[in-house]
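Student: I would like to take a close look at a single part of this structure, and I would be glad of one connected explanation rather than many short remarks.

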Amino acid sequence: MARATATKRSGAGKAKGRRKVRVMVGKPGLDGHDRGAKIIARALRDAGVEVIYTGLHQTPEMIVNAAVQEDVDAIGLSILSGAHNYLFPKVVELLKKRKMGRIVVFGGGIIPDDDIPGLRKKGVDRIFTPGTPLAEIVEYVHRRVRPRA
Amino acid sequence: MYARKKKEKKAMSPEKRKRFSTVSDEEVAALYTPADLEGHDFLKEIGFPGVYPYTRGIHPSMYRSRLWTMRQFSGFGSAENTNTRYHYLLSQGQTGLSVAFHFPTLMGYDSDNPRASGEVGMCGVAVDSLRDMEILFRGIPLDSITTSMTINAPSAILLAMYIAVAEQQGVSPRKIGGTIQNDILKEYIAQHSWIFPPEPSMRIITDILAYCSDHVPKWNTISISGYHIREAGSTAVQELAFTIADGIAYVQAGIEAGIPVDKFAPRLSFFFNAHMDFFEEIAKYRAARRMWAIIMRERFRAKDENSWKLRFHTQTAGVTLTAQQPINNVVRVALQGLMAVLGGTQSLHTNSMDESLALPTEQAVTIALRTQQILAEESGVGNSVDPLGGSFLLEKMTNEMETRAMRYIRKIDEMGGMVEAIKRGYPQREIIDASYHYQRLLERGEKRIVGVNCYPSDEEIPIPILKIDKEVERKQIARTREVRRKRNARRVASRIDALKDASLSRVNLMPVILEAVREYVTLGEICDAFRETMGTYTDPAMY
């Protein structure tokens, strides 16, 4: 059960002609609350998105490395420990360093409203707070994230 | 004879829905009658409180003799911040302490480890070394208060630190009382604060069982927890079944380690969730008591009555708190607290209304504590023991809960026990499926949450939010580095070597850990030593 690389992928590779949207669902930091991340991974998968789930306890470096390797179009991050103000921007910053700023970063979790403007300023495209309908997140991904040609 | 007459049935108004079900989506009938309990023996299965199989409670007079312990889980920022909160809570009538550690402590990292960046003091209190523990319990006499510590993978280390602080206060380990969660199996299943693989983790646990039964006899060595299983999205039956199955695994491990069952089983306790469905929850607690009593007596042949009694702590369900219209959460928590009391809990944590947004403010915590005090002092629910016992509905639900949970337990037994089931991902998969099923019901409006998918409000009443000072991280790192500078480097090195040697041999780890913490070897250093010898566990990343 224990694996060296903690990523799991769903969905087939290429849809007809155009590649499917590929989203990495990531759990940065030490918190173990993965109910939301797993539900969103399933909902995106059921909506035809190719999903790669990192598993828990990832450093920003691990997430960015995996995202680059898997050539994803977006990263959805989930944090419920309060460490979002450090870890979300860190992922964006590392992506920029790797010249992968095209990857859309969005997130969710227990995040006070007051923290959202700061996170957006630092390049997090969208924050979803508790109670957001899955349909809204799926719709956002369909609208905002385009697969690379 | 007990069914409704045809004429009465005809006169009934059409029902709003085709099917009524609990929050776990178990169908509930319109009416329960004695027919639902046919073939059941009242004296044998329900009986009297304080008497086997304890369906109605483990004490004959329950809250008439002693109220439940009001134990609010609390920890944030530095040891100083949290110590202040403890003194405040005790001054407000709280009767026990419960420590919330920050994630780096739960995962076995010191605050200056790069993996701790951004997390220090955020979700609990930062404890790296004995120094932090000394500050955390400053001015709190450990011979007269009991403390529960939510700590799992590094539980032996935190228990050792607590013993060391007690010794500094002149209190013998034989006198201290409290609980370490120390339930690693549910970490793999649900809460996910693991460090080592299952087998060495189970060895640490049996070492603790053996050590405490000899040296810390009043300590609750494992708090076998359904709480996190439920929070991760399980149904009530799954919470019950997986928790009892975990308990079976610990008892089995203790016996296999050569400890007589009646020597350690009386110090095992349980921890359940109080979710939103009133009768389903109360039935769960009652079924749990009966199941455990039967399992301990018949399966494990325990002779001591205290080995049969399931004592439990309850916490209201964090997942039911809404970020929308958060003041409504006060009402949810009051109902959940009531369920726990009607279910015969030994201690209770009531959540604060603002925990869907951040860690709770002092004001929110006070309301949560007052909620328990209102239940205890004003509502009258504690005047009579198991006041809902005998209700056709509740007894039927209790029976069904037990039957369904036993079905799961048999399945896990067939897999070779819980450790094997976890390795196959079985309970993990069941929980993911249940949580996704519930989410779909919610999205379709078949389950409703006020303020979320019905009765929304545009006018949100803002409530204050607790912010953790960024200085906490810097100061904590400075303190831990100072501790490392000031200690005896030679003795520290030899203690770390001793830890590695002990972990590779079969000696009990507890005395070796205790010697290490007394020399201010840090939590991260002890865990690193064990990581080297025991290996680590990685998330299988299922979804």
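Student: How many of the five residues of β8(B) are buried, and why can the strand be described as it is in relation to the rest of the structure?

Tutor: Before we turn to the strand, please keep in mind that this is a predicted model. For chain B the mean pLDDT is 96, and 100% of its residues reach 70 or more, while the complex as a whole is given an ipTM of 0.87 and a pTM of 0.94 by the predictor.

Now to your question: five of the five residues of β8(B) are buried, so the strand is largely enclosed by the rest of the structure. The residues of β8(B) point in two directions, with F312(B), T314(B) and T316(B) on one side and H313(B) and Q315(B) on the other, and all of them are buried.

The next step is to see what lies beside the strand. β8(B) belongs to an open sheet of nine strands with parallel pairing, whose order is β5-β4-β3-β2-β1-β9-β8-β7-β6 in chain B. The edges of this sheet are formed by β5 (219-220) and β6 of chain B, each of which pairs on one side only. In the order just given, β8(B) stands between β9(B) and β7(B), and we can follow each pairing in turn.

On one side, β8(B), which covers residues 312-316, is joined by three bridges to β9(B), residues 347-349, and the two strands run parallel. Within this pairing H313(B) stands opposite S347(B), and T314(B) has L348(B) as its bridge partner. On the other side, five bridges join β8(B) to β7(B), residues 268-274, and these two strands run parallel as well; here F312(B) is the bridge partner of F270(B).

The chain also has to travel from β8(B) to its neighbour β9(B), and a helix takes part in that connection: β8(B), helix α14 (residues 329-342) of chain B and β9(B) make a right-handed β-α-β unit. Elsewhere on the sheet, helix α3 (residues 79-91) of chain B packs against it, touching β1 (69-74) and β2 (96-100) of chain B, and the direction of this helix makes about 160 degrees with that of β1(B).

It is useful to set a helix of chain B beside the strand. Eight of the eight residues of helix α7(B), residues 184-191, are buried, so this helix, too, is largely enclosed by the rest of the structure. The buried residues include I184(B), L185(B) and I189(B), and also K186(B) and E187(B). They pack against several elements of chain B, among them β6 (222-225), which belongs to the sheet, and the helices α8 (198-215) and α10 (236-256). After α7(B) comes H192(B), whose phi is positive, near 70 degrees.

One of those packing partners, α8 of chain B, contains D214(B), and this residue offers a contrast with the strand. D214(B) has 14 C-beta neighbours inside 10 Å and therefore counts as partly exposed, since a residue needs 20 or more to be called buried. Its C-alpha atom lies 9.6 Å from that of F264(B), although D214(B) and F264(B) are 50 residues apart in sequence.

The loops of chain B allow a similar comparison. M62(B) is in the loop between α2 and β1 of chain B, and with 23 C-beta neighbours inside 10 Å it counts as buried; its phi is positive, about 40 degrees, although M62(B) is not a glycine. The loop between α2 (42-46) and β1 of chain B also holds P53(B), and the peptide bond from Y52(B) to P53(B) is cis, with omega near 0 degrees. D25(B), by contrast, is in the loop between α1 (6-10) and α2 of chain B, and with 15 C-beta neighbours inside 10 Å it counts as partly exposed; D25(B) has a positive phi as well, near 65 degrees.

To come back to your strand, then, β8(B) is paired with β9(B) through three bridges and with β7(B) through five, and its five residues are buried whichever way they point.

Conventions. Residues numbered from 1 in each chain as written. Chains lettered and ligands numbered in written order. Predicted model: local features only at pLDDT ≥ 70, side-chain atom pairs only at ≥ 80, totals over all residues. pLDDT = per-residue confidence, 0-100. Buried ≥ 20, exposed ≤ 12 C-beta atoms within 10 Å, placed from the backbone. Helix = DSSP H or I, 4+ residues; strand = E, 2+ residues; numbered from the N terminus. Contact = placed C-beta atoms within 7 Å. Pairing = 2+ DSSP bridges. Axes fitted to C-alpha atoms, helices over the stretch in contact; angles between N-to-C directions. Right-handed = clockwise from strand over helix to strand, strands pointing away.
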